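Here is a walk through one model, strand pairing first, then the cores and the charged pairs. Keep the viewer open as you read.

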Amino acid sequence: MSGATLIRKLLKRLFQALATLATSPARRLLILVSYFRRFVAKVHVPISHDTDSFSTVDSCCTVLTGTSSARCSQSILPLPLHTTPPNAASPVTSTLPGAMPVPRAPQQANLPQTSSPPAVGNAISPNGLPTILHFVPSAVDHKSRYDNRPHVDISRSSGIPALMRSFPNQSCPWLNGDWQRCIHPEGALYLCNGPKRTFTEAHIDEYSFRLMDKCADELYDLARTKSPNFDADDIELVVQVVTDQTDSCQYYFVDHATRTLFWLHDHDGATENIFDEFQGIYDPSHIRYALESQYWMHCERYPKHEFDRVKLLKELREVAVHASAEIITSDTSLSPFGADELSKILELVSHLQENAEEINFPHSTCVVAKFMHYFCRAKYYNFCGLPCARLDADKSVYSEIDSFHPLTRSLSLALDAMLFWAPQTHLSDLRRVWVDKCLNSPRWKDYNAKLMTEWTGITIYSTVMLAVDVSFLAVPNVNISTSQSIGIIATYLSIISITGSLVVSVLLVRQNQRYGCESADNAGDFLYSMTGTFFGDKGLATVNSLPYAMVMWGMIYFSIAMLYNVFKFTTMAMLASVVTGCVVVTMFILWFIWAARELHTFTRLSELILSARRRVLARFGVP
């Protein structure tokens, strides 16, 4: 067969196939390119080959279009078009060895246009929801309910119709199926599906609701795939739609039998969300306390589960009684509540036991769950049940790492000496309250009361000393015009120090009034922000000691100014009397410092001198 005859036969078959196809231009382009490839392959076949070699290709195919189908008996089609939807664009793969690759058709050519919210990088199902969903493990999120609350729509208002005796909740009118509205004792509205045992927040729109419902179904299907015995009456699911994402949701499962949370995926963010950024969390028994704390937060937010309330109240009563006894007998109690608070908790438990048999009271569930959450969280913070468990509230479970440079340590010691070692006292008190980034609530309240008393007293001292300094300048012997006088300069320095002490005291008192009476959680956030700097706890202790240190410097400067004027303008007899009195008073002060050891002055000075001596000797090679 000549080459011209072969070309005519191939072109004839090509035109027949194109005439029977009612496809898009992109599809026609693909078929045309495929026939061209086959033509090139046939041209390279030896002329001695017979045309029956075409019989190796299927001689019959069914071609489907969007509206009709046609059957061609002799056309040879290289693509399985009968299995490809008309609106799908797929790459064409060659079946001939050595053939050229066919370029992919543009993806935008046949994509359906929808008006539903788009899913980035995801296909859209006919109901407007993404076909592929992403599930993100999460903890019990406090922000999803209390932050970003919707506002009241003031454009809608109505009167009270006549004979109005039914008052249905018209929020979320798009609810369907078994979903129902539930009202938390605090007043928040949330959604619950009884048969699915699923919960979510109510401030979502219709699309988010449908997405959340689909996520819940797929999560349960995935759970049944991973665990065939998953269906249990004491397992619940909480699903939250991720903000600004149309194909993702956050979730967690709740197991009431074990009082824990669990997930179907690895929780990579557990260190931050569940473990509160604690280090060294690896023991399953320790992890259980963290999950149980989250469990009680869930029960407090969604109080729909039916507990054995009688048994639970007995457990809470035992825990509160033990904590009360520990508070009374120990000064380093690990209880998250003080003595007065524990007495009120026991009183509340006694009232709750009156209606313990009732099951339709979510208020009681919220109260019990809230208290149990704090006690379980305290067990987690204190590494309960481990060999390294914290037994005293002021003891750390971590080894102390001294990462300060020797120069930084020397500067810190010099600053302590300039501030009369007041930062060391405040640092010791602070570390009894703020241990391992954990806040002990009873100690925090006592610590703040102590600070308020100290700063209030210093404010009074500063006011008195300021009046004394100003009065001293009015003494006839003090010549203000002689500004270069040592007495005048020392008096001015005293006034500056006293004024600084007064200002810092007022600012600290105001700050303490704002944060000192806060809850333990808010106070913990405040302390974390204050101690999370380069200086750490030492920085906050130094700030708290500034009023005391500046008052002391004000008194010292005033003493210098007074003694200078006494020694300059007095007789010999008066001078002897003043010197004798100064020596006696100085001895009493030094004796008090030595006996009380409040500032540990001599110990620290001796350590400083010995350390400097060792460094000097080591520098010169003297053993």
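Thr198 has its bridge partner in β7, and that partner is Leu237. Before going further, bear in mind that this is a predicted model. The pairing of Thr198 and Leu237 belongs to a parallel match: strand β6 (residues 198–201) is joined to β7 by 2 bridges. Put helix α4 into the picture and you get a β-α-β unit made of β6, α4 and β7, and it's a left-handed one.

On to the other partner of β7. Strand β8 (residues 248–255) runs antiparallel to β7, with 7 bridges joining the two. Within that pairing, Gln240 stands opposite Gln250 of β8. The hairpin of β7 and β8 has 6 residues between the strands, and Asp244 takes a positive phi there, near 65 degrees. How many residues of strand β7 (residues 235–241) are buried? The count is 6 of 7, so the strand is mostly covered, given that buried means under 20% relative accessible area.

Now for the nonpolar interior. The largest nonpolar core has 74 residues, and those with the most contacts inside it are Val239, Tyr251, Phe253 and Trp296. Helix α4 (residues 206–226) gives this core its largest share, 9 residues. There's also a second, separate core of 15 residues, with Leu430, Trp434, Trp444 and Trp455 among them.

Take a closer look at Trp296. Leaving aside neighbours within four places in sequence, Trp296 is in contact with Arg259, Phe307, Leu312, Ala369, Met372, His373 and Cys376. Arg259 turns up again among the charged residues: together with Arg288, Glu292 and Glu315, Arg259 is linked in a network of salt bridges.

That brings us to the charged pairs. The structure holds 14 salt bridges, and three of them are set out here.

| Pair | Closest N to O | Relative accessibility |
|---|---|---|
| Arg145 and Glu201 | 3.3 Å | Arg145 2%, Glu201 1% |
| Arg224 and Asp221 | 3.3 Å | Arg224 35%, Asp221 44% |
| Lys370 and Glu300 | 3.5 Å | Lys370 36%, Glu300 10% |

Start with the side chains of Arg145 and Glu201, which meet in a salt bridge. Arg145 sits in helix α3 (residues 143–146) and Glu201 in strand β6, so this pair ties together parts that are 56 residues apart in sequence. Arg145 counts as buried because its relative accessibility is 2%, and Glu201 is buried too, at 1%.

Arg224 and Asp221 are a local affair: both lie in helix α4, 3 residues apart, or about one turn of the helix. Are these two buried or partly exposed? Arg224 is partly exposed at 35%, and Asp221 is partly exposed at 44%.

Lys370 and Glu300 form a salt bridge as well. Their pair links distant parts of the chain, with Lys370 in helix α9 (residues 362–381) and Glu300 in helix α6 (residues 284–301), 70 residues apart. Here the two ends differ in cover: Lys370 counts as partly exposed, whereas Glu300 counts as buried.

One last stop is Trp421. You'll find Trp421 in the loop between α10 (406–418) and α11 (422–431). Is this loop residue buried or exposed? Trp421 is buried, because its relative accessible area is 7%, under the 20% cut-off. Trp421 and Ser545 are 124 residues apart in sequence, yet their C-alpha atoms are 8.8 Å apart in space.

Terms used
Residues numbered from 1 in each chain as written. Predicted model: local features only at pLDDT ≥ 70, side-chain atom pairs only at ≥ 80, totals over all residues. Heavy atoms only, no water. Helix = DSSP H or I, 4+ residues; strand = E, 2+ residues; numbered from the N terminus. Buried < 20%, exposed > 50% of the residue type's maximum accessible area, 1.4 Å probe, protein only. Core = buried A, V, L, I, M, F, W, Y, C linked by side-chain atoms within 4.5 Å. Contact = heavy atoms within 4.5 Å. Pairing = 2+ DSSP bridges. Right-handed = clockwise from strand over helix to strand, strands pointing away. Salt bridge = Lys/Arg side-chain N within 4 Å of Asp/Glu carboxyl O.
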